[in-house]
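The following exercises concern helix packing, aromatic pairs, nonpolar cores and backbone geometry. Each task is followed by a solution in steps.

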Amino acid sequence: MLRVHFTADDIAHVRVAAAPDPLWEIVNSFQALIREENALAFGEWRRIVRPRLGPADGLLAALLPPRGYFPDFLTPDLGGSLGLESAVDTVLGTPRADLRGDLATLAASPARPRPLPAEVRALAEGTLEALQRLGAALHGYHRRALAAFWPHIRAQVDADRAVRTRAVLGGGTDGLLASLRPVLRWHPPVLEADYPVDHELRLDGRGLLLQPSFFCSRQPVTLAVPLPDRTPVLVYPIQHTLGWALVPGATGRGSEPGAGLGALLGRTRAAILQDVVTGRTTGELAERIGISGAAVSQHTAVLRQAGLLLSVRRGKHVLHTITPAGLVLLEGAPRPPHTPLAP
């Protein structure tokens, strides 16, 4: 069981990350790639990505067992900068003492019955060659396994952020933390979750950063030993759209983007696309645009198929948000006249 203990100061300093963290997505996706669970969400992605892996990914395989502890230095505090280049540079700048400590913990982990390979032992010494090899492994894996899917990963995290934003507007921090059910359970002043080990995380006034993760599966994740002077991070899984691995343009297969865009002709769909930039439910779109809920569902299905919109079910409602491809369309083309919005 994981228990996160809040004080009054912590309640005032809860944040939701603005974008996916590339390092957490590398770590979580690599472990998801090795495991066989959650085939509905990740099965097609595994089938596409596994043939792309090779000897260059051996270092990550040594550092990231399918379950249990992995080195904390692989997911450092990025200080709000979520670009891959700067994130990898932060990892490579880890102090040698932290490298040694984390890798010693990894070597002692029950999930690793075998000794660490030589390349990992060299990494513990912090040699330039070993660090360069780690940097190349992180960049290479991201390029082979994640880069083609990143626009959809970002869009799905944006959709989750829209859900959390609405929860805050409706109920403040209590509403935000309560909205994380069933993965996380808010019993003030403690946030609980199922966890492989008993872990008590006391925030002690530092607040909490909630990091939505596309490849986090079923249970949240946090650092084994949070740094005392940094805001603790709690990584939680988000909802997935079935068939996401075959979204237009992601793999070179599936629907051609042009074919989907051809179905977008019309003022109503353009109005919907503009209105979901900040997230709208089906009912809200129907009221604002002045059409029936059934008509909204038909139009959003076309936009979703074209890769321009995402739909996430939350309880009795479906929340629609725009994707990066949809934003490009809106920003790069003249805005067509659209159906007037209802007052």
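**Exercise 1. Helix packing**

Task: For this predicted model, determine at what angle helix 2 and helix 5 pack, and which residues make the contact.

Solution.
Step 1. Helix 2 spans residues 22-34 and helix 5 residues 84-92; the two pack at an angle of about 75 degrees, with their axes 9 Å apart.
Step 2. Angles of 65 to 115 degrees count as roughly perpendicular, so helix 2 is roughly perpendicular to helix 5.
Step 3. From helix 2, the contact involves Pro22, Leu23 and Ile26; from helix 5, it involves Leu84, Ala87 and Val91.
Step 4. Sorted by class, the residues of this contact are six nonpolar, no polar and no charged.

**Exercise 2. A second partner for helix 2**

Task: Describe how helix 2 packs with helix 3, and give the classes of the residues in the contact.

Solution.
Step 1. The angle between helix 2 and helix 3 is about 90 degrees, and their axes are 10 Å apart.
Step 2. This angle makes helix 2 roughly perpendicular to helix 3.
Step 3. Ser29, Ala32 and Leu33 of helix 2 meet Phe42, Trp45, Arg46 and Val49 of helix 3.
Step 4. The contact of helix 2 with helix 3 divides into five nonpolar, one polar and one charged residues.

**Exercise 3. Aromatic pairs**

Task: State how many aromatic pairs a search of the whole structure finds, and classify the pair of Phe42 and Phe215.

Solution.
Step 1. The search returns ten aromatic pairs.
Step 2. In the pair of Phe42 and Phe215, the ring centres are 5.3 Å apart and the planes stand at 25 degrees. Planes under 30 degrees apart count as stacked, so this pair is stacked.
Step 3. Phe42 belongs to helix 3 (residues 39-49), whereas Phe215 lies in the loop between strand 6 (208-213) and strand 7 (221-222); the pair therefore ties together parts that are 173 residues apart in sequence.
Step 4. Both Phe42 and Phe215 are buried.
Step 5. Phe215 also pairs with Phe214, at 5.1 Å centre to centre and with 70 degrees between the planes, which is edge-to-face. Phe214 has 0% relative accessibility and counts as buried.
Step 6. One aromatic cluster is formed by Phe42, Trp45, Phe149, Phe214, Phe215 and Trp244.

**Exercise 4. Nonpolar cores**

Task: Identify which residues touch the most other members of the largest nonpolar core, and which element gives the largest share of this core.

Solution.
Step 1. The largest nonpolar core has 74 residues, of which Val4, Phe6, Trp45, Leu63, Leu134, Tyr141 and Leu210 touch the most other members.
Step 2. Helix 8 (residues 128-146) supplies the largest share of this core, eight residues.
Step 3. With residues up to four places away in sequence not counted, Leu63 touches Phe70, Pro71, Leu74, Leu103, Leu106, Val120, Leu123 and Leu134.
Step 4. Another core, of 14 residues, lies apart from the largest one; its members include Ile272, Ala286, Ile289 and Leu303.
Step 5. As background, nonpolar side chains in soluble globular proteins tend to be buried together.

**Exercise 5. Two loop residues**

Task: Decide whether Asp57 and Gln239 are buried, partly exposed or exposed, and list their contacts beyond four places in sequence.

Solution.
Step 1. Asp57 lies in the loop between helix 3 and helix 4 (58-63). Its relative accessible area is 4%, so Asp57 is buried.
Step 2. Beyond its sequence neighbours within four places, Asp57 is in contact with Phe30, Tyr141 and Arg144.
Step 3. Gln239 is in the loop between strand 8 (233-237) and helix 10 (257-261). With a relative accessible area of 33%, Gln239 is partly exposed.
Step 4. On the same basis of leaving aside neighbours within four places, Gln239 is in contact with Gln156, Val312, Arg313 and Arg314. Gln239 and Val312 are 73 residues apart in sequence, yet their C-alpha atoms are 7.2 Å apart.

**Exercise 6. Backbone geometry**

Task: Locate the cis peptide bonds that precede Pro182 and Pro189, and give the phi values of Asp204 and Arg218.

Solution.
Step 1. Most residues other than glycine have a negative phi, and most peptide bonds are trans.
Step 2. The bond from Arg181 to Pro182 is cis, with omega near 5 degrees; Pro182 sits in the loop between helix 9 and strand 3 (185-187).
Step 3. Pro188 and Pro189 are joined by a cis peptide bond with omega about 5 degrees; Pro189 is in the loop between strand 3 and strand 4 (190-193).
Step 4. Asp204 has a positive phi near 55 degrees and is exposed, with a relative accessible area of 58%.
Step 5. Arg218, in the loop between strand 6 and strand 7, has a positive phi of about 75 degrees. At 52% relative accessibility, Arg218 counts as exposed.

Technical notes:
Residues numbered from 1 in each chain as written. Predicted model: local features only at pLDDT ≥ 70, side-chain atom pairs only at ≥ 80, totals over all residues. Heavy atoms only, no water. Phe/Tyr/Trp six-rings, centres within 6.5 Å; stacked < 30°, edge-to-face > 60°. Helix = DSSP H or I, 4+ residues; strand = E, 2+ residues; numbered from the N terminus. Buried < 20%, exposed > 50% of the residue type's maximum accessible area, 1.4 Å probe, protein only. Contact = heavy atoms within 4.5 Å. Axes fitted to C-alpha atoms, helices over the stretch in contact; angles between N-to-C directions. Parallel < 35°, antiparallel > 145°, perpendicular 65-115°, else oblique. Nonpolar A, V, L, I, M, F, W, Y, C, P; charged D, E, K, R; others polar. Core = buried A, V, L, I, M, F, W, Y, C linked by side-chain atoms within 4.5 Å.
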